[in-house]
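Please walk me through this structure. Keep the sentences short and take one feature at a time.

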Amino acid sequence: MKLAERMSRLGTETAFEVLNRARALEAQGRNIIHLEIGEPDFDTPENVVEAGVRALKTGHTHYTAASGMPEFRAAIASDAGRRRGLDFTPENVVVTPGAKPVMFFVMLALLDEGDSVAYPDPGFPIYESMVRFLGARPIPIGFRTEGGRSHWNVDDLVASVDHTTRLIILNTPSNPTGATLSAGETDQIAEAARRVDAVVLSDEIYSRIIYEGTHESVATRPGMLDRTAILDGFSKTYAMTGWRLGYGLMPVELARPVTQLMINSNSCTAAFTQLAGVEALEGPQTEPDAMVHEFRRRRDLIVSGLRAIPGVECAMPQGAFYAFPDITGTGLTSRQAADKLLDEGGVAVLAGTAFGSKGEGFVRMSYANSYENIEIALERIAKTLGRVPAVVA
Ligand code: PLP
């Protein structure tokens, strides 16, 4: 069948391919530790599940408004506003099935062919996929490691954007590096966006999973509320990946076309998931807080374990649940290291290049797995990559 030309420009997320390869090995009887998938290993909090079930049992089985149920949009506006110190109204909120559609819809609404878009590389692979799919010009911005932590190359961003730049995409905390933006870096990005008259798509899906400092949205900077679309959702914070629940916060003039794209694609997000979302935001926050506490313990374990392996260097992530070790000292490419770890070591990880070409020399390990499994994984990684006995903290 002849496909549209644009399909040749559409990328993918290799995490799912690696998961399938790992599952095939498991089917042959191999024991595999999964560090490839970016999904909390915790269950959705019970009160949230109950709210979803209650919604189904009380007849919330119909279409809702395309932009979301009024009570849910109000709950999101006040929660998101409170957390960021911003004044949002329900009109600024568009609810979507998962947060991913916010990326797609905001880009569909804003980009013409030939517009340029700056985005993190390595970064969430869908950014580049969508930029290319829509015929926009990619400006991948790399990162550097300094003082044991990773930094997005904000100076490069500032130097690379110009009046053809319609959109700047940022992600803090970052998938895959775990880096957060400092206050000064956030100021610089805001300044650059205002200078070239660009919109910012600020992917803040990990903004509740932070270990050092507090989250500062670029939208808090002067003049930025009118030119920022914030992406956030429930998948990571409330372990709700399978519910498909996310949202965008944006100026009303952008929320309107994005809602129209919802009407043209999904009609609306499932009603019972929205009501579960109200409970997630307004109910007790002990479980999400406990998840962050546990992620921090695992972060400390995996980073110290990786740092003990000769040939491996690992920056300390400030948020999200990924370690992004530099494996160049092993003499392997990202792809070779990822393949070797899966085939010989029984540990599924992603090559850094799955997040863009600037991810060469790195692999991504998700520590959304149990402490005990991470301990075993570290021993296996040390044996497979290191020329060393596996002595791990
Ligand atoms: N943004 C980033 C940086 C992510 O890592 C992910 C999921 O992995 C998403 C957005 C999409 O989240 P959702 O599952 O809610 O669509």
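Pro-176 lies in the loop between strand 7 and helix 7. In this predicted model, the peptide bond from Asn-175 to Pro-176 is cis, with omega near 20°. Pro-173 is found in the loop between strand 7 and helix 7 (183-196) as well. The bond that leads into Pro-173 from Thr-172 is also cis, and its omega is near -10°.

Now step back to strand 7. Strand 7 (residues 165-171) pairs with strand 3 (residues 116-120). The pairing is parallel and runs over three bridges. At one of the bridges, Ala-118 has Ile-168 of strand 7 as its partner.

Both strands belong to an open sheet of seven strands. The order is 2-10-9-8-7-3-4, and the pairing is mixed. Strand 2 (93-96) and strand 4 (137-141) are the edges, each pairing on one side only. On average, neighbouring strands of the sheet are turned by 20° against each other, direction ignored.

Next come two alanines with unusual backbone signs to look for. Ala-239 is not a glycine, yet its phi is positive, about 50°. Ala-239 sits in the loop between strand 9 (228-233) and strand 10 (246-249). Ala-239 counts as buried because its relative accessibility is 8%, under the 20% limit. Ala-320 has a positive phi too, near 60°. Its place is the loop between helix 10 (286-307) and strand 11 (322-323). At 0% relative accessibility, Ala-320 is therefore buried.

Finish at the surface. Met-1, Leu-3, Met-7 and Leu-10 form a nonpolar patch there, with about 470 Å² of accessible area together. Leu-10 belongs to the segment before helix 1 (14-27). With a relative accessible area of 32%, Leu-10 is partly exposed.

Notes:
Residues numbered from 1 in each chain as written. Predicted model: local features only at pLDDT ≥ 70, side-chain atom pairs only at ≥ 80, totals over all residues. Heavy atoms only, no water. Patch = residues over 30% accessible without salt bridge, like charges linked within 9 Å, V, L, I, M, F, W, Y side chains within 5 Å. Areas by Shrake-Rupley, 256 points an atom, 1.4 Å probe, with all protein chains shown as cover. Salt bridge = Lys/Arg side-chain N within 4 Å of Asp/Glu carboxyl O. Helix = DSSP H or I, 4+ residues; strand = E, 2+ residues; numbered from the N terminus. Buried < 20%, exposed > 50% of the residue type's maximum accessible area, 1.4 Å probe, protein only. Pairing = 2+ DSSP bridges. Axes fitted to C-alpha atoms, helices over the stretch in contact; angles between N-to-C directions.
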